[in-house]
Amino acid sequence: MFSLTVAAVVFGVVFLAELPDKTALAGLMLGTRYRASYVFAGVAAAFLVHVALAIAAGSVLTLLPHRLVQGVVGVLFLAGAAVLLFRKGEDEEEVKKPADQSFWKVSGAGFMMILVAEFGDLTQIMTANLAARYDDPLSVGVGAVLALWAVAGLGIVGGRTLMKYVPLKLITKIAAGVMLVLAGFSLYEAIAG
């Protein structure tokens, strides 16, 4: 059954965590070189695959004892918050320009770039954690996909403008704070039983 509350929580967490990530920069870079709709089609397809893998991993975690899962999820959220707070700035990755501007070339370049860059990324791990925490793959999947699509869309269409008004450090600190709160709830559930 679909839960709007779970989807909204997941959307917020994944959106904030992904904003300072290389995906927004990659989307911005591709969006300035190619037709935005072509780039978005490839990026959106890659994120569907990305989230499906994370949901599958999180669903496997739900087969384990609840207290153990909540403990692991809490520790992973703490690690995610630490990564956000203590990581150094990432350089933009160089993108090879497709030989032509056709839909398949441009969307394929976007798909491959995101699929490779995001594999095992913090937001994929967070999505798996959230799937395990809420045991609601549909709501978590919808929230995560919409958040990733929103960040990609912002990066492709208006990344430069957003970063002018919202400091990246602030976005990172908010995402880390949300993850610390989720870690606290998960660890409390693990200990309280």
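Thr123 is found in helix α6 of this predicted model, and at 1% relative accessibility it counts as buried. Along the chain, Thr123 and Phe15 are 108 residues apart, yet in space their C-alpha atoms are 8.9 Å apart. Phe15 is itself one of the buried residues of helix α1.

Helix α6 covers residues 122–134, and its 13 residues should span 18 Å at 1.5 Å a residue; the end C-alpha atoms are indeed 18 Å apart, which agrees. Most of α6 is tucked away from the surface, with 11 of its 13 residues buried. Besides Thr123, the buried set includes Leu122, Gln124, Met126, Thr127, Ala128, Asn129, Leu130, Ala131, Ala132 and Arg133. Arg133 also has an aromatic partner: its charged end sits over the ring of Tyr134, 5.4 Å from the ring centre.

What follows α6? The next residue is Asp135, with a positive phi near 50°. Asp135 belongs to the loop between α6 and α7. Most residues other than glycine have a negative phi. Asp135 is not a glycine, but its phi is positive all the same, at about 50°. Unlike the buried stretch before it, Asp135 is exposed, with a relative accessible area of 54%.

Now for the chain as a whole. It has eight helices and zero strands, so read from the N terminus the elements simply go α-α-α-α-α-α-α-α. Of the 193 residues in the chain, 45% are buried. Helix α1, residues 4–18, has 15 residues and reaches 20 Å from its first C-alpha to its last, close to the 21 Å expected at 1.5 Å a residue. Its buried residues are Val6, Ala7, Val10, Val13, Val14, Phe15, Leu16, Ala17 and Glu18. An α-helix has 3.6 residues a turn, so residues three or four places apart point the same way.

Another contact across the sequence involves Leu68, which lies in helix α4 (residues 66–86). The C-alpha atoms of Leu68 and Ala190 are 6.6 Å apart in space, although 122 residues separate the two in sequence. Is Leu68 buried, exposed or partly exposed? At 48% relative accessibility, Leu68 counts as partly exposed.

The aromatic rings come next. A pair of aromatic rings is described by the distance of the centres and the angle of the planes. With ring centres required to lie within 6.5 Å, the count comes to four aromatic pairs. One of them joins Phe40 and Trp149, whose centres are 6.3 Å apart with 70° between the planes, making the pair edge-to-face. Why does this pair tie together parts that are 109 residues apart in sequence? Phe40 lies in helix α3 (residues 36–61) and Trp149 in helix α7 (residues 137–165), so the pair bridges those parts of the chain. Neither ring belongs to a buried residue: Phe40 is partly exposed, with a relative accessible area of 29%, and Trp149 is partly exposed at 26%.

Phe103 and Trp104 make another edge-to-face pair, because their ring centres are 4.9 Å apart and their planes stand at 80°. Phe103 is partly exposed at 30% relative accessibility, whereas Trp104 is exposed at 69%. These two rings do not stand alone, as ring pairs link Tyr38, Phe103 and Trp104 into a cluster.

Finally, there is the matter of empty space inside the model. Rolling a probe the size of a water molecule over the atoms shows where empty space is left. How many cavities of 30 Å³ or more does a search of the whole structure find? It finds two. The second largest cavity holds about 30 Å³ of space. Its lining is made up of His50, Leu53, Ile114, Leu115, Glu118, Phe119 and Gln124. Sorted by character, the lining residues are four nonpolar, two polar and one charged. Both α3 and α5 (103–118) supply at least two residues each to this lining, and α5 gives the most, with three. Gln124, one of the lining residues, also appears among the buried residues of α6.

Note on methods
Residues numbered from 1 in each chain as written. Predicted model: local features only at pLDDT ≥ 70, side-chain atom pairs only at ≥ 80, totals over all residues. Heavy atoms only, no water. Phe/Tyr/Trp six-rings, centres within 6.5 Å; stacked < 30°, edge-to-face > 60°. Helix = DSSP H or I, 4+ residues; strand = E, 2+ residues; numbered from the N terminus. Buried < 20%, exposed > 50% of the residue type's maximum accessible area, 1.4 Å probe, protein only. Lys NZ or Arg CZ within 6 Å of the ring centre and 35° of its normal. Expected span 1.5 Å × (residues − 1). 1 Å grid on protein atoms, 1.4 Å probe; cavity = no way out; pocket = protein on both sides within 12 Å on 5 of 7 lines; lining within 4 Å. Points joined across faces, edges and corners; volume = space filled by probe spheres on them. Nonpolar A, V, L, I, M, F, W, Y, C, P; charged D, E, K, R; others polar.
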